[in-house]
Amino acid sequence: MEKRTALTLATRGRRKAAGLLFTGPNDKALLLVSCNDVHTVGMRHAIDVAFVDRAGLVVEAHRAVGPLRRLRNAKAVAVVERFASCDAPWFAVGDQVMISSGREAAL
C-alpha cells in the first residue's frame, strides 16, 4: 500500500542538526539526507524515527523516542523523523521510502 506524507528536506548541517527542535508538533515528516545519527536533546515532544539505506529501504524504525536519546545506524544514508503520533502509521523495517515530485526516485 502506498502512503504519501508531506516531507521537508534537510540537507545542510545546521538544518540537520536542529531537526524538529525549533518547530511545534505537526503532521509533516523531515528527511535528513546524508545522515545516520540523530539525537533528541532539547526536544519537548517524542518523535518517530526511521533509518533508510541507499536503496531507500527502512533498516531500523523507532516510535515515540523521548528526550535525551541518541540513535545511530551505520547502514543508513538518510533518516525520516516526525513528531510521534500513536494513531498514525509509521515505517517498519523493509518498507521503501520514495521521493516523488512528478517523477519517482529512490534515496
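**Exercise 1. Find the residue of β7 that stands opposite F51, then work out how the two strands pair.**

*Solution.* Start at F51 and look across to β7: the residue standing opposite is V79. Keep in mind that you're looking at a predicted model. Next, place the strands: β4 covers 47-52 and β7 covers 78-83. Now follow the pairing along both strands. β4 and β7 run in the antiparallel sense, and six bridges hold the pairing.

β7 has another partner too. β2 and β7 are joined by four bridges and are also antiparallel. To see where they meet, pick V33 and look across: A78 in β7 stands opposite.

Last step: how covered is β7? Six of its six residues are buried, so the strand is mostly covered.

**Exercise 2. Work out which strands supply the largest nonpolar core, and which strand gives the most.**

*Solution.* First, get the core itself. The largest nonpolar core has 14 residues, and those with the most contacts inside it include L32, V38, I47, V49, F51, L71 and V79. Second, look for strands that supply at least two residues: these are β2 (29-33), β4 (47-52) and β7 (78-83). Third, pick the top contributor, which is β4 with three residues.

Is that the end of the nonpolar packing? Carry on to a second, separate core, which has nine residues, among them A29, A50, V52 and V80.

A bit of background helps here: in soluble globular proteins, nonpolar side chains tend to be buried together. There is also a handy rule for strands: in a regular strand, the side chains alternate between the two faces of the sheet.

**Exercise 3. Which residues are linked with D48 in a network of salt bridges, and how far apart in sequence are the parts they tie together?**

*Solution.* Begin with the total: the chain has three salt bridges.

Step one, take D48 and R63. Their side chains meet in a salt bridge, at 3.5 Å from N to O. R63 is in strand β5 (residues 58-65) and D48 is in strand β4, so this pair ties together parts 15 residues apart in sequence.

Step two, take D48 and R82. Here the closest N and O atoms are 2.8 Å apart. R82 sits in strand β7 and D48 in strand β4, so the parts tied together are 34 residues apart in sequence.

Step three, put the two pairs together: D48, R63 and R82 form a linked network of salt bridges.

Step four, check the cover, using under 20% relative accessible area as the cut-off for buried. D48 has 0% relative accessibility, so it counts as buried. R82, at 11%, is buried as well. R63 has 40% and counts as partly exposed.

**Exercise 4. Find the partner of R70 in a salt bridge and say where both residues sit.**

*Solution.* The partner is D37, with the closest N and O atoms 2.5 Å apart. Then locate the two ends: R70 belongs to strand β6 (residues 70-72) and D37 to strand β3 (residues 37-39). The two residues are 33 residues apart, so the pair links distant parts of the chain. As for cover, D37 is partly exposed, with a relative accessible area of 26%.

**Exercise 5. Describe the geometry of the aromatic pair.**

*Solution.* A search of the whole structure turns up one aromatic pair. Before using any numbers, recall what you need: a pair of aromatic rings is described by the distance of the centres and the angle of the planes. For W90 and F91, the centres are 4.9 Å apart and the planes are at 70 degrees. An angle over 60 degrees counts as edge-to-face, so that is the label for W90 and F91.

Now compare the cover of the two residues. W90 is buried at 15% relative accessible area, whereas F91 is partly exposed at 24%.

**Exercise 6. Sum up the chain as a whole: what pattern does it follow, and what share of its residues is buried?**

*Solution.* Count the elements first: there are one helix and nine strands. Read along the sequence, they give β-α-β-β-β-β-β-β-β-β. Then turn to burial: 31% of the 107 residues are buried. Finally, the accessible surface comes to about 6,800 Å², and 53% of that belongs to carbon and sulfur atoms.

Conventions: Residues numbered from 1 in each chain as written. Predicted model: local features only at pLDDT ≥ 70, side-chain atom pairs only at ≥ 80, totals over all residues. Heavy atoms only, no water. Core = buried A, V, L, I, M, F, W, Y, C linked by side-chain atoms within 4.5 Å. Buried < 20%, exposed > 50% of the residue type's maximum accessible area, 1.4 Å probe, protein only. Areas by Shrake-Rupley, 256 points an atom, 1.4 Å probe, with all protein chains shown as cover. Phe/Tyr/Trp six-rings, centres within 6.5 Å; stacked < 30°, edge-to-face > 60°. Salt bridge = Lys/Arg side-chain N within 4 Å of Asp/Glu carboxyl O. Pairing = 2+ DSSP bridges.
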